[in-house]
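Here are a few exercises to work through with the structure open beside you. Try each task before you read its solution.

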Amino acid sequence: MKVVMVEPNKPAYVTEIGNDLESLQKAVGGGLIEMIGYLHDPDAIMVGNEEAKLIGMEGNRRFDDGIVAGSFFVCGDDGEDFCSLTDEQCEKYVREFAQPHEITQDEVEQDMRIEILGL
């Protein structure tokens with residue numbers, strides 16, 4: 001699957017990863033994966049390590065609503081599964097995440113929070 005990989009302190013780049021759980025987990029440093037909702041794009045999803053902040057991963061990118069720690073990737077969303085990005089989407093997200101952010105570990109720790117959602 002063609003994705004845009006975003007690692008701390010590096011510009012984003014296009015790469016290929018497998019679409020199985022093990023490959024997805026490996027791409028974000030192991031452990032549990034989670035969808036991160038900062039893109040606001042119905043055709044693309046950010047996927048990162050669910051425990052990145054808890055296990056002390058480095059701050060990666062800053063968004064209006066918070067900081068993402070650890071590596072994450074942007075992939076396509078076909079409505080049911082993750083899928084490859086189009087060439088146009090790759091260009092868009094490589095540009096969007098071209099500039100690394102300098103984020104201290106203190107900033108990452110201050111951004112940690114637990115949200116409880118009621119049903």
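Start with C75, which counts as buried because its relative accessibility is 0% (buried means under 20% relative accessible area, exposed over 50%, partly exposed in between, with a 1.4 Å probe and protein chains only). A word on the ground rules: this is a predicted model, where local features need pLDDT of at least 70, side-chain atom pairs count only at pLDDT 80 or more, and totals for chains, interfaces and linings use all residues. Residues are numbered from 1 along each chain as its sequence is written, and side-chain values use heavy atoms, with hydrogens and water left out.

**Exercise 1. Work out how C75 and C90 stand with respect to disulfides**.

Step one: search the whole structure for disulfides (pairs of cysteine sulfur atoms within 2.5 Å), and you get zero.
Step two: check C75, whose nearest cysteine sulfur belongs to C83, 6.9 Å away.
Step three: turn to C90, which is buried at a relative accessible area of 4%. Its sulfur is 11 Å from the closest cysteine sulfur, in C75, so that's too far for a bond.

**Exercise 2. Find which residues of α2 are buried and what they pack against**.

Step one: pick out Q89, C90 and Y93 as the buried residues of α2 (helices are DSSP runs of H or I, at least four residues; strands are runs of E, at least two; both are numbered from the N terminus).
Step two: look down the axis of α2; these buried residues fall within an arc of 100 degrees, so they line one face of the helix (the arc is that of the directions from the helix axis to the C-beta atoms).
Step three: flip to the face turned away from the buried side, and there are the exposed residues E88 and R95.
Step four: list the packing partners of the buried residues, namely β1, β2 (13–16), β4 and β7 (contact means heavy atoms within 4.5 Å).

**Exercise 3. Explain why β1 is largely enclosed, and trace its pairing**.

Step one: count the buried residues; five of the five in β1 are buried, so the rest of the structure largely encloses this strand.
Step two: split them by face, with K2, V4 and V6 on one side and V3 and M5 on the other.
Step three: follow the pairing with β2, antiparallel over four bridges, where V3 stands opposite T15 (two strands pair if DSSP finds at least two bridges between them).
Step four: do likewise for β7, which runs antiparallel to β1 and is joined to it by three bridges; there M5 has F73 as its bridge partner.
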